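What follows is a walk through one structure, taken element by element. Please keep the sequence and the 3D view open while reading.

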Amino acid sequence: MTTTAPGQPEAAPRASRGVARPSRSTRPQGQWKVDGTEPLNANEVIKQKDDGLNVRERIETIYAAGGFESITKEDLHGRFRWWGLYTQRRPGIDGGRTASLEPHELDDEFFMMRVRSDGGALTTEQLRVIGEISVEFGRSTADITDRHNIQLHWIDVRDVPEIWRRLEDVGLSTTEACGDVPRVILGSPVAGVAKDEIIDPTPVIREIVDRYIGDPTFSNLPRKYKTAITGHPSLDVLHEINDLGLVGVVHPDLGPGYDVWVGGGLSAQPRLAERLGAFVTEEQVPDVWVGVTSIFRDYGFRRLRNKARLKFLLADWGAEKFREILETEYLGYRLADGPAPAPAPRSGDHVGVHEQKDGRFYVGAAPYVGRVSGETLLEVARLAEAAGSGRIRLTPQQKLLVLDVPAEHVPALVDGLRATGLEAEPSAWRRSTIACTGIEFCKLAIVETKGLARETIQALETRLDRGERRPITINVNGCPNACARTQIGDIGLKGQIVTTADGEQVPGFQVHLGGGLSGHRRDEGGLGRTVRGLKVTADDVASYVDRVVSRYDAEHEGDETFADWALRVDDEVLA
């Protein structure tokens, strides 16, 4: 740790914004506009051979009839993703074997299915249909993800056409929910209803989805492509870890619009997005989305998949060049310079009871780390309708909102949600903990996450029950890929096999501390720090959190946040 020279004021702690670097090889990097479109690896060969969107016809006409054994390897491990389908992990394989087995050795004959929820917006009818599908076809499994999709498990390929029919009958789909395509668009969960909203992103999200999702123009990108759009001042869509982020601001001359951020992403080489300094009007948003997406398609690095996200191109070009290429090659006009977003005035998780701009209320409730069930979804739809609501929103924090509730129905709804396992007045720990799928279903996972996170929350509610507490985020990840955002939690846990003092290898975690994005009480995002040798076993997670938070409670200075404290203190304090 650095120290401050005598007599000098102590600098505020700063966290890294990431170190993702492009390949410096002189070999062609697979940039279509530079190197041509000849594929440079097996994945690119498969994508160019047959568009992933085309596999739907084979699922409907061949694989649904022939079952799992009839699926070709290329479709199973590649193109199925374009329709929101991954094989789930075969039960009984421990985490220590994850890295040593081939994909087919990890495959179960059942699938995870991801249902798109762009903007997190669902009607109660849509939620009911998802719940019915979960109960009938997915053994009642359902998870609200941290990209506000709903994931189902235990899906048999023979049932997929019927599931698609039911989803599409109510305006839902699994189109491009996975794969090297534009993924679900994060949108403010309170779009169109918040009293303090700057601009409603619903129209532009809808236009982008209707025009471009499922369009072959963008169905072969170098890697996944994530978009986040919000017009709410709480900065509630994690714009700094998306490939393209649009954040509501007010231009002094042009009025409400969006500030543009590009090149964010986590995984094993994290990097936070950068501002382009450009202001985008509502009318310009579709053009800008197409422009940035086209840059990624045309200039993204395709040779190495671990260097193929947009963040690596931004690291190579810088924000100034990126904006120049966007304006001159793709838009054909200059964007106005614009202001940066103001500091967030409050939390963006939207948990609790909040008045809408029309005088009605929205109620935000927390399950345990996104884990629900088909029956839960059915009951939420019933409760919402009984309270006079027909609209649900999912959040990037694995929470659920019921919109448009008249004041007289709020208490009954809160009680009904609580009885269903969704808490509108959760503890700080339940409110601020998220977890990925983990080893239960994920083929990349090394450790179990969902059950561990729930047990940890319940333990901390007992051990650290000290009245009102500012939430300290805990992000539980089953592997290094950071689906639950390891590096931007106050306490981030990265799943791995660890060695105990007795030499036994057991499931555990590397600990990251002090990460976070721009938001309430944090003006600038940064990645958490690691402490050399700081790893905890899965059994010791609750005890470790208890120890480090108790030390923070005892030693922090004034109004210092946990993240600022964790970035400031010496390593041994955190061990």
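The model is predicted. A place to begin is strand S13, residues 361-365, which is joined to strand S16, residues 400-405, by four bridges. The two strands run antiparallel. Within this pairing, Gly-364 has Leu-401 of S16 opposite it.

These two strands belong to an open sheet of five strands. Read across the sheet, the order is S3-S15-S16-S13-S12, and the pairing is antiparallel. At the edges are strand S3 (121-123) and strand S12 (352-355), each of which pairs on one side only. On average, neighbouring strands of this sheet are turned by 25 degrees against each other, direction ignored. Helix H13, made of residues 410-420, lies across S12, S13 and S16. The helix runs at about 15 degrees to S13.

Another open sheet, also of five strands, has the order S17-S18-S19-S20-S21. Here the pairing is mixed. Strand S17 (433-435) and strand S21 (529-537) each have a single partner strand, so one side of each is left without a neighbour in the sheet. The average turn between neighbouring strands of this sheet is 25 degrees, direction ignored. S17 pairs with strand S18, residues 474-477, in the parallel sense, over three bridges. In that pair, Thr-433 stands opposite Ile-474 in S18. Helix H15 (residues 450-463) packs on the sheet and touches S17, S18 and strand S20 (505-513). The direction of H15 makes about 165 degrees with that of S17.

The edge strand S21 contains Arg-529. Is this residue buried or exposed? Arg-529 counts as buried, because its relative accessibility is 13%, under the 20% limit. A polar atom of the Arg-529 side chain lies 2.8 Å from the backbone oxygen of Ala-566.

The cysteines come next. How many disulfides does the structure hold? The number is zero. A disulfide is a covalent bond between the sulfur atoms of two cysteines. For Cys-442, the closest cysteine sulfur is in Cys-479, 5.8 Å away, which is too far for a bond; the cut-off is 2.5 Å. Seen from the other side, Cys-479 is in no disulfide, and its nearest cysteine sulfur is that of Cys-442. Cys-442 is partly exposed, with a relative accessible area of 27%, whereas Cys-479 is buried, at 8%.

Towards the start of the numbering is strand S1, residues 85-89, which is mostly covered, with four of its five residues buried. Four bridges connect S1 with strand S2, residues 107-115, and the two run antiparallel. Arg-89 is placed opposite Asp-107 in S2.

The last topic is the nonpolar interior. In soluble globular proteins, nonpolar side chains tend to be buried together. In this model, the largest nonpolar core has 54 residues. Those with the most contacts inside this core are Ile-59, Phe-80, Phe-111, Ile-130, Ile-150 and Ile-392. Which residues does Ile-59 touch, not counting residues up to four places away in sequence? They are Ala-64, Phe-80, Leu-85, Val-157, Val-160, Pro-161 and Trp-164. A second, separate core has 40 residues, including Tyr-212, Ile-213, Tyr-225 and Leu-331.

Note on methods
Residues are numbered from 1 along each chain as its sequence is written. This is a predicted model: local features need pLDDT of at least 70, side-chain atom pairs count only at pLDDT 80 or more; totals for chains, interfaces and linings use all residues. Side-chain values use heavy atoms; hydrogens and water are left out. Two strands pair if DSSP finds at least two bridges between them. Axes are lines fitted to C-alpha atoms, for helices over the stretch in contact, and angles run from 0 to 180 degrees between N-to-C directions. Contact means heavy atoms within 4.5 Å. Buried means under 20% relative accessible area, exposed over 50%, partly exposed in between (1.4 Å probe, protein chains only). A nonpolar core is a set of buried Ala, Val, Leu, Ile, Met, Phe, Trp, Tyr and Cys residues joined through side-chain atoms within 4.5 Å. A polar contact is a pair of N or O atoms within 3.5 Å; within protein, one must be able to donate a hydrogen and the other to accept it, and residues adjacent in sequence count only if both atoms are side-chain atoms.
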